[in-house]
Amino acid sequence: MTGSLFKGNFWTSDILSTIGYDSIVQHLNNGRKNCKEFEDFLKERASIEEKYGKDLLSLARKKPCGQSETNTLKRALEVFKQQVDNVAQSHIYLAQTLREEARKMEEFREKQKSQQKKTELIMDAAHKQKSLQFKKTMDAKKNYEQKCRDKDEAEQAVHRSANMANPKQQEKLFVKLATSKTAVEDSDKLYMLQINTLDRVRNEWQSEHIKACEVFEAQECERINFFRNALWLHMNQLSQQCVTSDEMYEKVRKSLEMCSIEKDIEYFVNQRGTGQTPPAPIMYENFYCPQKNAAPGKATGPNLARRGPLPNPKSLPDDPDYSLLDNNYSLVYQ
């Protein structure tokens, strides 16, 4: 609580002016508007968090992600999918929390609006009574001043008629003067009465103004405190969401630390291995003389061909009698 600053700083010298009071009311209205804007912000953020959570949930549950993996990496992926599902759920829960905070802000805003309305009704009546009494007082003053002028004119007329010979005319002027004096006295009494009433009304209004300032200042202190705490809480909620998500992601990291390349390779070999004996060599089989246990790629036994081996040439390439092939040659097949 800051002290009574409002009641000492929103006065004006004009008795009919409400500019100080109006300034406070406008400030309170703007404060509630700011609360409404933050309330709407929370609702929008809640919608974003909810949509993100649902989309992430759908991704975690429907989208394949390494579904054919085995052993330790498979378990790590299962933890990964589960933690993504948990993160999605936490965002959906955060959306519900933000909507609850928005509801609290709305309730607080409506409560302050109701409290302010009660004070405004009292002040509106005080302003109306003050204005009405001021008008009556000013009317009484005008009437009093007019009666005084009428009396002064009657006195001047009597003085001017002092040497008049017509007694009836003089008597008439004296009667008018007497009547005007009575009117002055009556208007003076009415004027004083209205002045006193106005002073009472002014004091009552002044007292209500001070009370209104104190109520409004207390409201504004409460609003600023509530708004500040709501914003602080909102930041804590977002920070906690980050912490929660990181804790879930840490579980995935821990599961990945347990992932063993050697174990996964060994597991795959044990589960899907097809044998330890490679295929035997393909043996050469002679069409005419098949033999068992022959070395691959080599013929065993006599080499029986359709024709005998080609004769070796009788002359070597460097022999002068060696036949050379030129453009005119023929090959004779036996």
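This report describes the fold, confidence, largest cavity, aromatic pairs and one buried acidic residue of a predicted model.

## Overall fold

The chain contains 4 helices and 0 strands, and its pattern along the sequence reads α-α-α-α. Helix α1 covers residues 19-62 and helix α3 covers residues 167-257. Helix α2 runs over residues 71-160, and helix α4 over residues 261-272.

Of the 334 residues in the chain, 28% count as buried. Among contacts with a separation of 6 or more, 83% are between residues 24 or more positions apart.

## Confidence of the prediction

The mean pLDDT of the chain is 87, and 85% of the residues reach 70 or more. Confidence is highest in α1, with a mean of 97, and lowest in helix α4, with a mean of 91.

Two stretches have pLDDT values that stay under 50. Residues 299-307 form one of them, and the model has 6 contacts beyond four places in sequence for this stretch. Residues 320-334 form another, with 5 contacts beyond four places in sequence.

## The largest cavity

A search of the whole structure finds 2 cavities of 30 Å³ or more. The largest cavity has a volume of about 50 Å³. Its lining consists of F10, W11, T12, S17, T18, I19, G20, Y21, W205 and H209.

Helices α1 and α3 each supply at least two residues of this lining. The greatest contribution comes from α1, with 3 residues. By class, the lining has 5 nonpolar and 5 polar residues, and no charged residues.

## Aromatic pairs

The count of aromatic pairs comes to 8. In one of them, the ring centres of W11 and W205 are 5.9 Å apart and the ring planes are at 80°; the pair is edge-to-face because planes over 60 degrees apart fall in that class. W11 lies in the segment before α1 and W205 lies in helix α3, so this pair ties together parts that are 194 residues apart in sequence. The two partners differ in burial: W11 counts as partly exposed, at 34% relative accessibility, whereas W205 is buried, with a relative accessible area of 10%. W11 and W205 are also among the residues that line the largest cavity.

The rings of Y21 and F216 have centres 6.1 Å apart and planes at 40°, so that pair is tilted. This pair also links distant parts of the chain, with Y21 in helix α1 and F216 in helix α3, 195 residues apart. Both Y21 and F216 are buried. Y21, like the two tryptophans, is one of the residues lining the largest cavity. Elsewhere, ring pairs link F38, F41 and F227 into a cluster.

## A buried aspartate in helix α2

D85 is located in helix α2. Its relative accessible area is 11%, and D85 is therefore buried, the limit for that class being under 20%. Not counting residues up to four places away in sequence, D85 touches L57, A60 and R61. These three partners fall within the span of helix α1, residues 19-62.

Technical notes: Residues numbered from 1 in each chain as written. Predicted model: local features only at pLDDT ≥ 70, side-chain atom pairs only at ≥ 80, totals over all residues. Heavy atoms only, no water. 1 Å grid on protein atoms, 1.4 Å probe; cavity = no way out; pocket = protein on both sides within 12 Å on 5 of 7 lines; lining within 4 Å. Points joined across faces, edges and corners; volume = space filled by probe spheres on them. Nonpolar A, V, L, I, M, F, W, Y, C, P; charged D, E, K, R; others polar. pLDDT = per-residue confidence, 0-100. Contact = heavy atoms within 4.5 Å. Phe/Tyr/Trp six-rings, centres within 6.5 Å; stacked < 30°, edge-to-face > 60°. Buried < 20%, exposed > 50% of the residue type's maximum accessible area, 1.4 Å probe, protein only.
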